[in-house]
Every structure is written in structure tokens, then in C-alpha cells.
Amino acid sequence: MPGRPLSRRTTVGAALAAPLAVPVLAGCDVDPPAASSTGGPAPVQDPPEDAELVATVVAALVRAQSVLEAATLSVPSLGRRLEPLGAAHAAHLDVLVGAVPDADRPTAPPPTVAPQIVGALRAVRRSEQRLLREVRSGCLAAASGDLARVLASVAASTAQHTAALATEVTS
């Protein structure tokens with residue numbers, strides 16, 4: 001789904017707002033509700049279907065991260081541009097992997113990325129768009145409100161990074 005090019009004002013505003021997003025991302029957490037002070041029952045664990053959903057989203061994030069790594073290896077000059085996106089994926093992975101007890105991070109085979117800036121950025125953008133579709137789908141399917149909120153945050157982050165990459169591909 002092609003997006004409209006961002007205006008210079010929007011791009012500068014997003015760059016100025018980026019440092020404010022870090023505390024928001026740091027606040028992403030999937031914690032069960034605290035036990036009530038009246039001595040009520042212990043919090044209920046997330047439904048088992050959410051564990052499968054988290055595993056699916058984690059696999060999608062790992063796949064997207066492998067595309068970032070392949071693009072950076074293929075075109076080293078992209079390292080600085082893609083670093084914020086990689087950091088966001090790493091933070092989201094930490095939150096989601098920590099939400100499911102005894103979960104391990106899966107691995108993804110390294111994809112082949114063209115050794116050209118435009119081709120590598122297109123591959124990253126396609127990967128991010130795929131991730132965004134999967135995270136949005138997960139957000140709608142989540143049984144837990146906490147998980148839905150975290151996935152919505154991941155989707156918002158991914159959408160913003162994808163929009164920034166769109167302007168870089170065309171410029």
C-alpha cells in the first residue's frame with residue numbers, strides 16, 4: 001500500500017518527537033493485573049491462545065530484524081539509518097519474549113538483499129509492511145487487553161519507521 005510522501009514539516013516534527021517516543025517504548029510491558037488489596041484471587045494468566053499469538057509476533061519481529069541485518073551487511077552505509085528501527089525491534093522483542101514464560105527467541109535464515117541502497121531499502125520497507133500487517137492482525141486477535149495495547153504500540157512504531165523509510169526510498 002503506497003503512502004503519500006511526508007512533508008518536510010512532518011519529517012522534522014517526527015525527528016523532534018522521536019526522543020519522546022523512547023520513554024513510551026520503555027513503558028511497553030505485558031504485566032498481569034495486580035492482585036486486589038481485598039485479598040481476592042491471584043491474577044489469571046493470559047489465555048493460551050495469546051501465548052501462540054506472542055510466538056507468532058516474535059517470529060515476525062525476528063524475521064524483520066534479519067532483513068535489517070542483511071540490508072546493513074549488504075549496504076554498510078545504511079547502518080545509521082536502520083539503527084533506530086533495529087533498536088525498536090530489539091526493545092519489542094525483549095518485551096514480548098519476556099511475556100511468555102520459558103519462551104526462546106526463534107531464529108530466521110538470513111535473506112538475500114541487493115547490494116544497492118535503493119534495493120536494500122525497498123527490501124526493508126517490504127519486510128516492515130509485512131510485519132505491520134502481522135502485528136495489526138495480532139492486535140485484533142489478542143484476548144488480553146494488555147497484549148493488545150503492546151501490539152498496538154509495536155504497530156504504531158513500525159508504521160512510523162516504515163513511513164520514514166518511504167521518504168528515504170524516493171529521495
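What share of the contacts in the protein chain with a separation of 6 or more comes from residues 24 or more positions apart? I looked this up at the start and found 80%, taking a contact to mean heavy atoms within 4.5 Å.

Before going on, I noted that this is a predicted model, in which local features need pLDDT of at least 70 and side-chain atom pairs count only at pLDDT 80 or more, while totals for chains, interfaces and linings use all residues. I also noted that residues are numbered from 1 along each chain as its sequence is written, and that side-chain values use heavy atoms, with hydrogens and water left out.

**Overall make-up.** I found 5 helices and 0 strands in the protein chain, where helices are DSSP runs of H or I with at least four residues and strands are runs of E with at least two, numbered from the N terminus. Of the 171 residues, 35% are buried, that is, under 20% relative accessible area, against over 50% for exposed and in between for partly exposed (1.4 Å probe, protein chains only). The protein chain exposes about 10300 Å², of which carbon and sulfur atoms supply 60%, the area coming from the Shrake-Rupley method with a 1.4 Å probe.

**Cores.** I next looked up the largest nonpolar core, meaning a set of buried Ala, Val, Leu, Ile, Met, Phe, Trp, Tyr and Cys residues joined through side-chain atoms within 4.5 Å. It has 22 residues, and those that touch the most other members are Val57, Val58, Leu96, Val135, Leu147 and Leu151. Helix 2 (48-74), helix 3, helix 4 (117-141) and helix 5 (145-170) each supply at least two residues of this core, and the largest share, 8 residues, comes from helix 2. Apart from this core lies another, of 14 residues, including Ala70, Ala71, Ala120 and Leu165. For Val58, leaving aside neighbours within four places in sequence, I listed contacts with Leu93, Leu96, Val97 and Pro106.

**Helix 3.** This helix has 21 residues and reaches 29 Å from its first C-alpha to its last, close to the 30 Å expected at 1.5 Å a residue, the expected span being 1.5 Å times one less than the number of residues. Among its buried residues I noted Leu82, Leu85, His89, His92 and Leu96. Is Ala90 buried or partly exposed? Ala90, which is found in helix 3 (residues 79-99), counts as partly exposed because its relative accessibility is 26%. Ala90 and Leu61 are 29 residues apart in sequence and 8.5 Å apart in space, C-alpha to C-alpha.

**Helix 4.** The 25 residues of helix 4 should span 36 Å, which agrees with its end C-alpha atoms being 36 Å apart. Its buried residues include Arg125, Ser127 and Glu128 as well as Leu131, Leu132 and Val135.
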